[in-house]
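Hello,

As promised, here is the structure I have been looking through, with some notes to go with it. Have a look at it first, then read on.

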Amino acid sequence: MIPLGSCTMKLNPATSMYALSWPEFGNIHPFVPADQVEGYLELIAEMEKDLCEITGFKGMSFMPNSGASGEYAGLLTIRRYQEANGQGHRNICLIPASAHGTNPASAAMAGMQVVVVKCDENGNIDLEDAKAKAEQYKDNLAAFMVTYPSTHGIYEDGIRTLVKIVHDNGGQVYMDGANMNAQVGLTSPGFIGADVCHLNLHKTFAIPHGGGGPGVGPIGVAEHLKPYLPSHILFHCGGEKQEGAVSAAPFGSAQILTITYCYIKMLGGEGLKKATMGAIMNANYLKERLKDYYPILYTGNHGHVAHEMILDINGINKTIGVAAIDIAKRLMDFGFHAPTVAFPVHETLMVEPTESEPIAELDRFVEAMIQIRKEIKDIEDGKAEKGNNIISHAPYTAEMLMADKWEFPFSRQEAGFPMKSDVQDKYFPHVTRIDDAYGDRNLVCKF
């Protein structure tokens, strides 16, 4: 289980990966004549049809190589549309405080000025603040960037109201599709009223994610934006009114589109919907199991999370000095990759189980988090020393556990085998705790 919140580290089924090994897909140059890639073009056309049905959009570009590239391409599409309609002066982009960090970066790259919109205590976008700022900047409002469900891990009740506010004030709605895996089959950006949205095929649609790529971040658009989709000088694609490309190849990382194609075709509409429901159910199961041990930061207006949740460690850190990063390191001793640390809120853990995890793995994660909470309580009760306890020194390597010398005030068994189940199937971290950011900034040559 790799519970990285907002990164959707889901199962990548082997059956959808087979085509990567086929030379018919792998040994093709992106600029060969069209009559030599008829199979590729058929696959891409079929995927466009399927993704348009899933998203409720009318057009799709596969050119962007990542989600961030998709954001830039989507905002550029909006800008070209507005320029063509005598609205090129529009340059204000409203972005909620809960947004992914790439949103303001992409807006700045697209030549827009960012204005932040507040969130309320439940994690929702403050609609009154959104309305006030949309009206304040209505003469220059270009776009509103919104993630749905939000980066706080909740469904925004007022999302369609927000879309109307933006449209009423002359702006376009850009939806960040990073959390699309909590929409597929239940709702869609088109139904909500968004004008453009990027999809992380390397998240929602099963392309392996992590380790630097490769990624695919296609953008879907409403009918009025289709003519302004990115085009390519060496291969006909995109809109007839757009100028320039956003990546080197006309269809981005085309080879790995085969993975998403297989994933969609094998699951079908009902299967995709069940996957979404599974992701939501798993996240809410973890919430219910852990809410008595850790504060859940946001649960929306109905007491539920979407596909991910945020555990608040601020109180624990202030009381005994155990930080979110300490819990992340201790989880390694239980065999878990850490959740997202300190994003989108300082001193929190953002957990996303996805639909891929069986109940046994969810329960194993819960048991690990409960055990860590017990270790925290020992510090709170004075049974363990602040700064010199089983969490503050974690993780523990096999070399440490087998060494002749052991100077910690707890046993090797407690450190390396915190749960009985670990005895049969134990993962050992390769290195122990180092000096975090200091080491990144102060490299030392060992040899």
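**Strand β6 and its partners**

Let me begin with strand β6 (residues 196–199), which is covered on both faces: V196 and H198 on one side, and C197 and L199 on the other, are all buried. Please keep in mind throughout that this is a predicted model.

β6 has pairing partners that run in opposite senses. With β5 the pairing is parallel, over four bridges, while three bridges join β6 to strand β7 (residues 219–221) in the antiparallel sense. H198 is a handy residue to centre your view on: D176 stands opposite H198, and H198 also stands opposite I219 in β7. As a reminder, strands of a sheet pair through backbone hydrogen bonds, either parallel or antiparallel.

**Helix α6**

Next, turn to helix α6, which covers residues 159–168. Which residues of α6 are buried? They are I159, L162, V163, I165 and V166. Looking down the axis of α6, you will find these buried residues within an arc of 160°, so they line one face of the helix. K164 and D168, on the other side of α6, are exposed.

What covers the buried residues of α6? The cover includes two helices, α5 (127–136) and α7 (189–192), and two strands, β4 (141–147) and β5 (172–177). You have already met β5 above as the parallel partner of β6. Just after α6, have a look at G170 as well, since the backbone there takes a positive phi of about 85°.

**A separate look at β8, β9 and β10**

There is also an open sheet of three strands, in the order β8-β10-β9, with antiparallel pairing. Its edge strands are β8 (309–312) and β9 (340–341), each of which pairs on one side only. Between β9 and strand β10 (residues 348–351) there are two bridges, and these strands run antiparallel. To find the register, start from T340, which stands opposite M350 in β10.

**A patch on the surface**

Finally, something on the outside. F31, I233 and L234 form a nonpolar patch on the surface, and together they have about 350 Å² of accessible area. F31 sits in the loop between α1 (23–26) and α2 (38–55). Is F31 buried or exposed? Neither quite fits: F31 is partly exposed, because its relative accessible area is 34%.

Happy browsing, and best wishes

How values were computed:
Residues are numbered from 1 along each chain as its sequence is written. This is a predicted model: local features need pLDDT of at least 70, side-chain atom pairs count only at pLDDT 80 or more; totals for chains, interfaces and linings use all residues. Side-chain values use heavy atoms; hydrogens and water are left out. Buried means under 20% relative accessible area, exposed over 50%, partly exposed in between (1.4 Å probe, protein chains only). The arc is that of the directions from the helix axis to the C-beta atoms. Contact means heavy atoms within 4.5 Å. Patches are made of residues with over 30% relative accessible area and no salt bridge: like charges are joined within 9 Å, nonpolar side chains (Val, Leu, Ile, Met, Phe, Trp, Tyr) within 5 Å. Accessible areas come from the Shrake-Rupley method with a 1.4 Å probe; for residues, only the protein chains shown count as cover. A salt bridge is a side-chain nitrogen of Lys or Arg within 4 Å of a carboxyl oxygen of Asp or Glu. Two strands pair if DSSP finds at least two bridges between them.
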